[in-house]
Amino acid sequence: EVQLVESGGGLVQAGASLRLSCAASGFAFVDYTIGWFRQAPGKEREGVSQISSSDGRTYYADSVKGRFTISSDNAKNTVYLQMNSLKPEDTAVYYCAAGLYSIVSRWLGYDYWGQGTQVTVSS
């Protein structure tokens, strides 16, 4: 069965770093676009970063450019999100997702979703 499992969240102070992992099973990352999304209390879900595993192209929301880095290890079917210089406004549940027909410019077309991992950044 297709599964996406996030890990690596936690409670940190502003300015700290975390690395999130998204491990997939049941399909090959190389055929899909993988995205990271987040949802904070009282806010709508927003896209954070995307990577096209076939050619390595990456995309970032303006709010995280220069601080977050997405990468993939196709041999391990795993995608990572390195988060540096964390801010309180980064606090959210972070989800990874995969899509075969994703429209990256609109953060749409994701077919599979993980259950999420909590990231909390204190001031």
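In which strand does Ile34 lie? In this predicted model, Ile34 belongs to strand S4, and that strand makes a good place to begin a walk through the structure. S4 covers residues 33-39 and is mostly covered, with 6 of its 7 residues buried.

S4 has a pairing partner in strand S5 and another in strand S9. With S5 (residues 46-52) it runs antiparallel, and 6 bridges join the two. One of the bridge partners can be named here: Ile34 is matched with Ile51 of S5. S4 and S5 form a hairpin with 6 residues between the strands, and in this hairpin Gly42 adopts a positive phi near 80 degrees. The pairing of S4 with S9 (residues 92-99) is likewise antiparallel, and here 7 bridges are found. In this pairing, Thr33 stands opposite Gly99 of S9.

Ile34 itself repays a look. Its relative accessibility is 0%, so Ile34 counts as buried, the cut-off for that class being under 20%. Setting aside residues up to four places away in sequence, Ile34 touches Phe29, Ser49, Gln50, Ile51, Ser53, Ile70, Val79, Ala97, Ala98 and Tyr110. Thr58 lies 24 residues from Ile34 along the chain, and the C-alpha atoms of the two are separated by 9.6 Å.

Gln50, one of the residues that Ile34 touches, is found in strand S5. Is Gln50 buried or exposed? Gln50 counts as buried because its relative accessibility is 0%. What does the side chain of this residue reach? The side chain of Gln50 comes to 2.9 Å from the backbone oxygen of Val104, and it also makes a polar contact of 2.5 Å with the side chain of Tyr110. Both Val104 and Tyr110 appear among the contacts of Gln50 beyond four places in sequence, together with Thr33, Ile34, Gly35, Arg57, Thr58, Tyr59, Ile70 and Trp107. Tyr110 is thus touched by Ile34 and is in contact with Gln50.

The search for enclosed space gave 1 cavity of 30 Å³ or more. About 50 Å³ of space lies in the largest cavity. Which residues line the largest cavity? The lining is made up of Arg38, Gln39, Ala40, Lys43, Glu44, Glu46, Glu89, Asp90, Thr91 and Ala92. By class, these residues divide into 6 charged, 2 polar and 2 nonpolar.

The backbone also deserves a word. Most residues other than glycine have a negative phi. Against that background, Asn77 has a positive phi near 50 degrees. Asn77 sits in the loop between strand S7 (68-73) and strand S8 (78-83), and with a relative accessible area of 13% it is buried. Ser85 is another residue other than glycine with a positive phi, again near 50 degrees. The place of Ser85 is the loop between S8 and S9. How exposed is Ser85, and what is its relative accessible area? Ser85 is partly exposed, because its relative accessible area is 41%.

Conventions:
Residues are numbered from 1 along each chain as its sequence is written. This is a predicted model: local features need pLDDT of at least 70, side-chain atom pairs count only at pLDDT 80 or more; totals for chains, interfaces and linings use all residues. Side-chain values use heavy atoms; hydrogens and water are left out. Buried means under 20% relative accessible area, exposed over 50%, partly exposed in between (1.4 Å probe, protein chains only). Helices (H or I, at least four residues) and strands (E, at least two) are DSSP runs, numbered from the N terminus. Two strands pair if DSSP finds at least two bridges between them. Contact means heavy atoms within 4.5 Å. A polar contact is a pair of N or O atoms within 3.5 Å; within protein, one must be able to donate a hydrogen and the other to accept it, and residues adjacent in sequence count only if both atoms are side-chain atoms. On a 1 Å grid over the protein atoms alone, a cavity is a set of points where a 1.4 Å probe fits but cannot get out, and a pocket is an open set with protein on both sides within 12 Å along at least five of seven lines; lining residues have an atom within 4 Å of a point. Grid points are joined across faces, edges and corners, and a volume is the space filled by probe spheres set on the points. Ala, Val, Leu, Ile, Met, Phe, Trp, Tyr, Cys and Pro count as nonpolar, Asp, Glu, Lys and Arg as charged, and the others, Gly among them, as polar.
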